[in-house]
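Me: I am new to this structure and should be grateful for a close look at how its charged side chains pair with one another. Please set that part in its surroundings, so that I can find my way along the rest of the chain.

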Amino acid sequence: MTARKALAILLLLVSALFVSGCTGELSAEEIAEQMQEKEASIQDYSYTMHITSHFGEQTLESEARLLQKKPDMMKTVTMEPEEEAGSIAVSDGEVMWTYDPKTNTVMKMEMPDTPVLGEIDYTGIIAEFLNETDVSLLGMEEIDGRSAYLLETSPKEEGEGIQFVDGMKLWVDKETWMPLRYEMYDSDGGLMIELEIHDLEVNQGIPDSEFVFEVPEGATVKTVDLDSFELPEEMTLEEARESAGFEILVPEYLPEGYAFNHSTVSNNSWIAPEGQAFETVSLTYENEEEDAIYLSETVYEAEAPEAPIMNTTEDVSINGAKGKYLAFGDMKILSWEIGNIDLSLSASLEKDELLRIAESIQK
C-alpha cells in the first residue's frame with residue numbers, strides 16, 4: 001500500500017473511531033457509516049501545515065496554508081523559506097489554477113468529474129486498511145492548544161501497511177476529529193517525517209472569493225487537457241529502447257537474485273511550461289521476495305531543476321563523477337549524471353551495494 005493511499009484511508013478511519021466513542025472493534029460497515037455522518041457536518045476548514053523530513057542527520061522543512069470548502073473548492077499556498085511567495089494551487093470546483101512565481105507560469109486545467117461520496121467503496125478500502133494495520137489508542141495530549149487523541153499504527157505483517165514506513169503516530173483533535181499531527185518512523189524506530197497542523201479553523205464560513213484566481217501580470221498561461229494524460233504502460237526493455245528518445249543505460253551488476261521486471265517511458269510535454277519538458281525512463285528490478293531496485297533516467301530539454309532535498313545529501317563519487325547519496329528510512333537513493341542523462345538509483349540496500357550497481361552503469 002502506498003503512503004498516500006494509506007494516509008487517506010487512515011484519515012477516514014479516525015473520525016469514525018471517535019465519533020462513535022468506541023475504542024474497541026468496529027466492522028468496516030459501521031466505520032464507513034459513522035465516518036460519512038461526521039464528515040457531513042464539516043462545510044469548510046483551513047489550517048497551516050508544517051512538515052519536517054529527516055534524512056540521517058539532516059532535516060528539510062516546508063510549510064503550506066490550506067483551505068477547503070464543500071463541495072469541491074480548495075486552495076493551497078506553499079510558503080517558501082526566505083522568499084516573498086511560494087507556489088499556489090486554487091480550484092473553484094470547475095477549473096484548477098496553479099502558479100509558479102519562480103517561472104511566472106500559470107497552469108489552467110478543467111477539473112475532471114469525480115465520484116460523489118456515496119459512489120466510493122469506503123467499506124472495501126477501510127476493510128483493506130484494517131486487515132493490514134493495527135490501530136491503538138495511547139491516550140490524550142495537547143497539540144497547538146487543542147486536546148487530542150493519540151493513536152499509533154503498525155503493520156500486522158512485515159511488508160504490509162505504508163510503504164517504507166514501519167510505524168506511525170497520529171494526534172486527532174477531540175473537538176473536530178481532524179488530524180493535528182503525524183509522526184512516521186522507519187523499521188529502526190527512526191523518525192522520518194513530522195507533520196503538524198496549526199491555526200485549525202472549522203466551519204468559519206470561508207467566502208467563495210478565496211477560491212477565485214487572478215492571473216499575475218506578465219505570467220505565461222498554459223491550458224492543460226487532463227483527458228490527454230495516460231499512465232505510462234509497463235513494457236520490456238527492448239520496447240522501452242524503441243520508444244525512448246535517448247540511449248537507455250543498464251547496470252552490468254545486480255545483487256544475487258535480482259532480475260529485470262519491467263520498464264516505463266514517460267514525458268511531461270503535455271503539462272510542462274516552455275523549456276521545462278523532460279523524458280524519463282524507469283527500470284524496475286525485483287527478486288523473489290519482491291524487493292525492488294528502481295533506476296530512473298531523465299533527459300531534460302533545458303537545465304535540470306534544483307531539488308531542495310539534495311541540499312541534505314552526502315557527496316559521493318561514482319566512476320569519478322560527482323554524485324549524491326540520501327538515506328530516507330530504509331530507502332537509500334543515489335543520484336548522478338552520465339553525459340546529459342540524470343540518473344537516480346533507489347533500493348533498500350546497503351550504501352556499498354548501491355554504489356556497486358551505480359558504478360556498473362556506463363555508456
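Reply: The elements named below follow one convention: helices, with at least four residues, and strands, with at least two, are DSSP runs numbered from the N terminus. The model itself is predicted. By that convention, the chain has 5 helices and 19 strands. Of its 363 residues, 41% count as buried. Its accessible surface comes to about 20300 Å², and carbon and sulfur atoms contribute 46% of that area.

The charged pairs come next. The structure holds 7 salt bridges. One of the partners is R181, which forms a salt bridge with E183, their closest N and O atoms being 2.7 Å apart. Both R181 and E183 are buried. R181 also meets the side chain of E194 in a salt bridge, again with 2.7 Å from N to O. R181 belongs to strand β10 (residues 179-185) and E194 to strand β11 (residues 191-202), so this pair ties together parts that are 13 residues apart in sequence. The relative accessible area of R181 is 11%, and R181 is therefore buried, since the limit is under 20%. E194, at 18% relative accessibility, counts as buried as well.

A second pair provides another example of the arrangement. The side chains of E314 and K351 meet in a salt bridge, with 2.5 Å from N to O. Here a strand is joined to a helix: E314 lies in strand β16 (residues 314-318) and K351 in helix α5 (residues 351-359), so the bridge ties together parts that are 37 residues apart in sequence. E314 is partly exposed, with a relative accessible area of 36%, and K351 is also partly exposed, at 24% relative accessibility. To return to R181, salt bridges with shared partners join R181, E183, E194 and E196 into one network.

The surroundings of this network can be followed through I193, whose place is in strand β11. Leaving out residues up to four places away in sequence, I193 touches I51, T52, S53, H54, Y182, E183, M184 and F328. E183, one of the members of the network, is thus among the residues that I193 touches. The C-alpha atoms of I193 and E61 are separated by 9.9 Å, although their positions lie 132 residues apart along the chain. For the chain as a whole, residues 24 or more positions apart account for 52% of the contacts with a separation of 6 or more.

Another strand offers a further case. T264 is placed in strand β13 (residues 259-267) and counts as buried, at 14% relative accessibility. Apart from its neighbours within four places in sequence, T264 is in contact with P232, E233, E234, T280, V281 and S282. The C-alpha atoms of T264 and L231, 33 residues apart along the chain, are 9.5 Å from each other.

Charged residues also come together without salt bridges. D72, D92, E94, E110 and D225 form a negative surface patch; by the rule for patches, such residues have no salt bridge. Of these residues, E110 lies in strand β6 (residues 105-110). E110 counts as exposed, at 62% relative accessibility.

Three loops complete the view, each with a backbone feature. In the loop between β2 (58-69) and β3 (73-79) lies P71, and a cis peptide bond, with omega of about 10 degrees, joins K70 and P71. D144 lies in the loop between β7 (133-143) and β8 (146-155); its phi is near 50 degrees, a positive value in a residue other than glycine. D144 is partly exposed, at 39% relative accessibility. N319 is found in the loop between β16 and β17 (321-328), and β16 is the strand that holds E314. The phi of N319 is near 55 degrees, which is likewise positive in a residue other than glycine. At 46% relative accessibility, N319 counts as partly exposed.

Definitions and conventions. Residues numbered from 1 in each chain as written. Predicted model: local features only at pLDDT ≥ 70, side-chain atom pairs only at ≥ 80, totals over all residues. Heavy atoms only, no water. Salt bridge = Lys/Arg side-chain N within 4 Å of Asp/Glu carboxyl O. Buried < 20%, exposed > 50% of the residue type's maximum accessible area, 1.4 Å probe, protein only. Patch = residues over 30% accessible without salt bridge, like charges linked within 9 Å, V, L, I, M, F, W, Y side chains within 5 Å. Areas by Shrake-Rupley, 256 points an atom, 1.4 Å probe, with all protein chains shown as cover. Lys, Arg positive; Asp, Glu negative; His and termini not counted. Charge placed at Lys NZ, Arg CZ, Asp CG, Glu CD. Contact = heavy atoms within 4.5 Å.
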